[in-house]
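Reader: I am in my first year and still learning to read structures, and I would like a close look at a single part of this one. Could you take me through a sheet and what lies against it, step by step?

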Amino acid sequence: MANTFHLKIVTVDGLAYEGDVQRLMFRSTHGDLAILARHINYCTAVGMGTAHVIMEDGSERTAACIGGMCSMMDNECHLLPTTWEWSEDIDVERAEAAKARAESKLREDKLSEEARLLTEAKLYRALVRIGSARH
Amino acid sequence: MAAANMKAVKLRIKSVQNTMQITKAMQLVAASKLRKAKDKAMQSKPYLRTMKRTLTTIANENTDFQSPFTKPGTNPKRLFIVIAGDRGLAGGYNANLFKFTEKEMEGQDYAVLPIGKKAVEYFRHRNAEIFTDEYAEVAVVTISECFRIAKSVCEAYEAGKFGHVSMCYTNFVSMMSQVPKSSALLPLSDFENPEEDQEPAVKNLILYEPSGEEVFNTIVPEYLAGILYTSINVSVASELAARRTAMEAATDNASEMIENLSLFYNRARQASITQEITEIVAGAEGA
């Protein structure tokens with residue numbers, strides 16, 4: 001079909017998805033964006049957020065997508081996230097526990113700058129995963 | 001005399017048997033872990049390949065490229081990331097890697113980032129300058145730790161502490177053969193290889209957001225972390241394969257030793273019985 005493009009999602013843990021899709025939406029380092037078929041050749045760094053993939057048949061799948069890069073070359077899209085978890089695979093309990101842990105740690109005052117940044121990143125990751133699982 | 005000798009041989013057989021039990025167990029454990037480690041090492045390969053291809057495309061097709069990671073550093077000092085094992089009894093796994101690393105380092109000003117207990121011990125013993133020894137246990141290094149390593153290495157590189165970064169690890173060729181290997185990580189000079197750029201006339205125009213430089217600089221640490229993670233997985237698989245082979249040889253040796261000792265024991269037993277009979281017969285004749 002003309003309005004689909006080939007998408008390949010590869011993480012360090014292996015191939016997460018390969019196939020034709022209609023649309024890919026995710027959050028880059030500078031905001032949300034969507035990629036449609038015949039997008040201009042494009043390359044960006046991926047931020048933290050919920051990603052949506054509209055499959056060839058119009059069904060939608062969501063996932064937590066954090067870090068990495070995305071490139072679109074000649075109607076061939078490569079998404080290389082650091083972590084990619086389909087929403088149905090997300091362990092919400094674990095994410096909630098991580099969120100609670102990070103929050104209680106942030107309430108402590110004597111956190112070094114580095115530790116604070118690390119904990120904030122952890123909290124944000126947990127929030128993204130919880131948010132993605134609810135979709 | 002003969003009885004004492006027999007007792008000693010029997011004890012020896014017993015002790016060799018015990019050793020064999022241990023080596024056999026280690027062999028089986030290594031073999032079962034190896035299967036998992038090999039799968040893990042294979043899984044991360046496509047990520048690396050795709051990442052490398054994309055980075056090469058960006059580096060080759062961007063005409064106004066300016067990234068601190070692509071220019072060769074002015075500092076002659078090198079950083080070596082050495083990935084070894086946590087434990088011994090893996091044949092020549094660690095020794096081979098260190099010998100290889102020594103050769104690579106020869107005549108250079110260097111610092112080391114050891115990963116794995118054996119590597120930390122080795123370079124501490126040699127009083128080498130150690131970048132960080134936080135990652136002493138290679139078996140528990142996770143992907144997020146790889147990102148931390150990659151980030152700190154990139155920061156140190158950008159700050160000009162090192163002019164080059166290389167990595168020494170053990171490549172998993174097959175179950176029977178593992179070869180130490182080194183690969184250059186930074187600068188990414190191989191990305192700007194003009195020979196690879198075979199169609200210079202047809203430049204694809206790519207839109208980079210926010211900018212090519214920024215995208216590249218965000219991706220490089222990720223790419224490094226990916227390489228590190230893959231290499232660690234490959235090294236762990238190599239270590240297990242080396243241990244399995246070494247323990248297999250040890251078990252074979254032990255069973256051979258037991259065979260020889262049993263033969264010796266039986267001979268000694270036979271000799272003592274013959275002697276006793278001779279003595280009895282001699283005694284009977286004398287009476």
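Author: In this predicted model, strands β1(B) and β2(B) run parallel and are joined by six bridges. To find one of these pairings for yourself, start at B:Leu79, whose bridge partner in β2(B) is B:Ala111. These two strands belong to an open sheet of four, in which the order is β2-β1-β3-β4 of chain B and the pairing is mixed. At the edges stand β2 (110-115) and β4 of chain B, each with a single partner strand, so one side of each has no neighbour in the sheet. If you compare the directions of neighbouring strands in this sheet, ignoring which way they run, they are turned by 20° against each other on average.

Two helices of chain B can now be added to the picture. The helix α3(B) packs on the sheet and touches β1, β2, β3 and β4 of chain B, with a direction that makes about 150° with that of β3(B). The helix α6(B) also packs on the sheet and touches β1, β2, β3 and β4 of chain B, but its direction makes about 35° with that of β3(B).

Let us stay with α3(B), which covers residues 93-105 of chain B, has 13 residues and reaches 19 Å from its first C-alpha to its last, close to the 18 Å expected at 1.5 Å a residue. Its buried residues are B:Tyr93, B:Asn94, B:Leu97, B:Phe98 and B:Thr101. Because these residues cover an arc of only 115° around the axis, they lie on the same side of α3(B). What do the buried residues of α3(B) pack against? Their partners in chain B are the strands β1 (78-83), β3 (164-172) and β4 (178-186), together with the helices α4 (117-125) and α6 (212-286). On the face of α3(B) turned away from its buried side you will find the exposed residues B:Lys99, B:Glu102 and B:Lys103.

The backbone on either side of this helix also deserves a careful look. In the loop between β1 and α3 of chain B sits B:Leu89, which has a positive phi of about 55° although it is not a glycine. B:Leu89 counts as partly exposed, because it has 16 C-beta neighbours inside 10 Å, and a residue is called buried only if 20 or more lie within that distance. Just after α3(B) comes B:Gly107, which takes a positive phi of about 70°.

Finally, chain B also touches chain A, and the contact takes 23 residues from chain B and 23 residues from chain A. On the side of chain B that touches chain A, at least two residues each come from α2 (45-61), β5 (207-209) and α6, and α2(B) gives the most, with seven residues. Sorted by class, that side of chain B has 13 nonpolar, eight polar and two charged residues. Strand pairing also crosses between the chains, where β4 of chain A (residues 42-45) and β5(B) pair in the parallel sense over three bridges; within this pairing, A:Thr44 has B:Glu209 as its bridge partner in β5(B).

Notes
Residues are numbered from 1 along each chain as its sequence is written. Chains are lettered from A and ligands numbered from 1 in the order in which they are written. This is a predicted model: local features need pLDDT of at least 70, side-chain atom pairs count only at pLDDT 80 or more; totals for chains, interfaces and linings use all residues. The expected span of a helix is 1.5 Å times one less than its number of residues. A residue is buried if 20 or more other C-beta atoms lie within 10 Å of its own, exposed if 12 or fewer, and partly exposed in between; C-beta atoms are placed from the backbone. The arc is that of the directions from the helix axis to the C-beta atoms. Two residues are in contact if their C-beta atoms, placed from the backbone, lie within 7 Å. Ala, Val, Leu, Ile, Met, Phe, Trp, Tyr, Cys and Pro count as nonpolar, Asp, Glu, Lys and Arg as charged, and the others, Gly among them, as polar. Two strands pair if DSSP finds at least two bridges between them. Axes are lines fitted to C-alpha atoms, for helices over the stretch in contact, and angles run from 0 to 180 degrees between N-to-C directions.
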